[in-house]
Amino acid sequence: MGILDFLRKKKKVEQNRITQSKSTLPNVTMTDEQVNAILEEEIKTFFPDQGCWSSDCFRQSNEVSYENLPCHLRNNSWLSSLLKDVMDRKGIYMPRHTIKNFINNSKDFEKLRHAYELRIVEWQINWIKNGGENWIVPKGYDELALSLSEDVDIIIRGGVSKTLQAIGMNKDVIEEGLEKFADSWRPAAMLIGFEHLYEPIMFRKGNPSPASGEHLNNWLADREYKYYKSHKNSVDKYGVATPAMRMTPEEHTKLLKVLNKQNFKRIRYLEAWKQNSFKNSERHTFYSEEDSLNK
């Protein structure tokens, strides 16, 4: 018998041994408690510690692999196939229908899945605000708007929501994550939006005087009030409303009377400052807001 015949025979014997080993397992009777104990242990390490995902998820492939996990998180049939694959690789053989039944009814699995979903939302927030690529920009904006627009908060929020929905994630958990982690992105995004509008950077042209703290605070209060009107249900359900969000319509109207004057004053100053900076670009003069009003 040649070496090739020997190797083929050896491979066939090995395959028969594995098949027989698997086929005898169903004859081993386990109680429901034993089955649940095995699965409870397995799900502890089933979901990744990090929420990062790759752009391949946009295809929402049905291939059973960890790369596609973020886009099948609410599909228990698909999840049971992945968990079975993980267990098979460890030599723990269990019918897929048993695994699926466990997933359908396990509160611990639901908690672990939910925590992982929130990690994905948090990762996506950080990815966008730190300059990451390959995310869906809300309609009416482009990625450059993050560097120029006053609507930084709208762009980040909309980008997270649209991108994660595009890979198949549940809309409600996205809303939960956006509000749960709001302090990590919303205040900074609103502040940057104010700076884009009222404290623009003009390279080699000197620096305008900063806007007043009162103007900034009033603008942010108005911004938070409008944010709450747009996302009230999510803030109330998952987040914390700021004092500005809780303003009455009368209080907001009163705020706007002051803010509109401050906005007009600041815009007038910036226009005058730009004209003055071009005339004095070589001197890098410091031109105050009050100077513009005295002209």
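Start by selecting G193, which is buried in this predicted model, because its relative accessible area is 0%, below the 20% under which a residue counts as buried. This glycine belongs to helix α8, and if you display its surroundings, leaving aside residues up to four places away in sequence, you will find that G193 touches S149, E150, V152 and W219. Now add R223 to the selection and draw a line between the two C-alpha atoms: G193 and R223 stand 30 residues apart in sequence, and their C-alpha atoms are 9.8 Å apart in space.

Next, show the whole chain as a cartoon. You will see 11 helices and 0 strands, so that, read from the N terminus on, the order of elements is α-α-α-α-α-α-α-α-α-α-α. Of the 295 residues in the chain, 39% count as buried, and among the contacts with a separation of 6 or more, 66% are between residues 24 or more positions apart. If you switch on the surface, the accessible area of the chain is about 17800 Å², and 51% of that belongs to carbon and sulfur atoms.

With the surface hidden again, select V160 and L164, which have the most contacts inside the largest nonpolar core, a set of 55 residues. The elements that give two or more residues to this core are α2 (32-43), α3 (76-89), α4 (96-105), α5 (107-129), α6 (152-166), α7 (171-180), α8 (186-198) and α9 (213-238). Which of them gives the most to this core? That is α5, with 7 residues. Staying with V160, and not counting residues up to four places away in sequence, you can check that V160 touches V121, Q124, I125, I128, I174 and L178. Another core, of 5 residues, lies apart from the one that V160 belongs to, and its members include A221, Y225, A244 and L255.

Now turn to the aromatic rings, of which a search of the whole structure finds 11 pairs. Select F46 and F47, whose ring centres are 4.9 Å apart and whose planes meet at 75°, so this pair is edge-to-face. Both F46 and F47 are buried, and together with Y66, F109 and Y116 they form one aromatic cluster. For another kind of ring arrangement, select R186 and Y227, where the charged end of R186 sits over the ring of Y227, 4.8 Å from its centre.

The next stops concern the backbone. Most residues other than glycine have a negative phi. Select Q60, in the loop between α2 and α3, which has a positive phi of about 50° although it is not a glycine. Then move to N134, in the loop between α5 and α6, where phi is again positive, at about 60°, in a residue that is not a glycine. Are these residues buried, partly exposed or exposed? Q60 counts as partly exposed, with a relative accessibility of 33%, whereas N134, at 52%, counts as exposed.

Finally, colour the chain by pLDDT, whose mean is 88, with 83% of the residues reaching 70 or more. Select residues 1-11, where the pLDDT stays under 50 and the model has 1 contact beyond four places in sequence. Then select residues 17-27, where the pLDDT is also below 50, and where the model shows 2 contacts beyond near neighbours in sequence.

Methods: Residues numbered from 1 in each chain as written. Predicted model: local features only at pLDDT ≥ 70, side-chain atom pairs only at ≥ 80, totals over all residues. Heavy atoms only, no water. Core = buried A, V, L, I, M, F, W, Y, C linked by side-chain atoms within 4.5 Å. Buried < 20%, exposed > 50% of the residue type's maximum accessible area, 1.4 Å probe, protein only. Helix = DSSP H or I, 4+ residues; strand = E, 2+ residues; numbered from the N terminus. Contact = heavy atoms within 4.5 Å. Areas by Shrake-Rupley, 256 points an atom, 1.4 Å probe, with all protein chains shown as cover. Phe/Tyr/Trp six-rings, centres within 6.5 Å; stacked < 30°, edge-to-face > 60°. Lys NZ or Arg CZ within 6 Å of the ring centre and 35° of its normal. pLDDT = per-residue confidence, 0-100.
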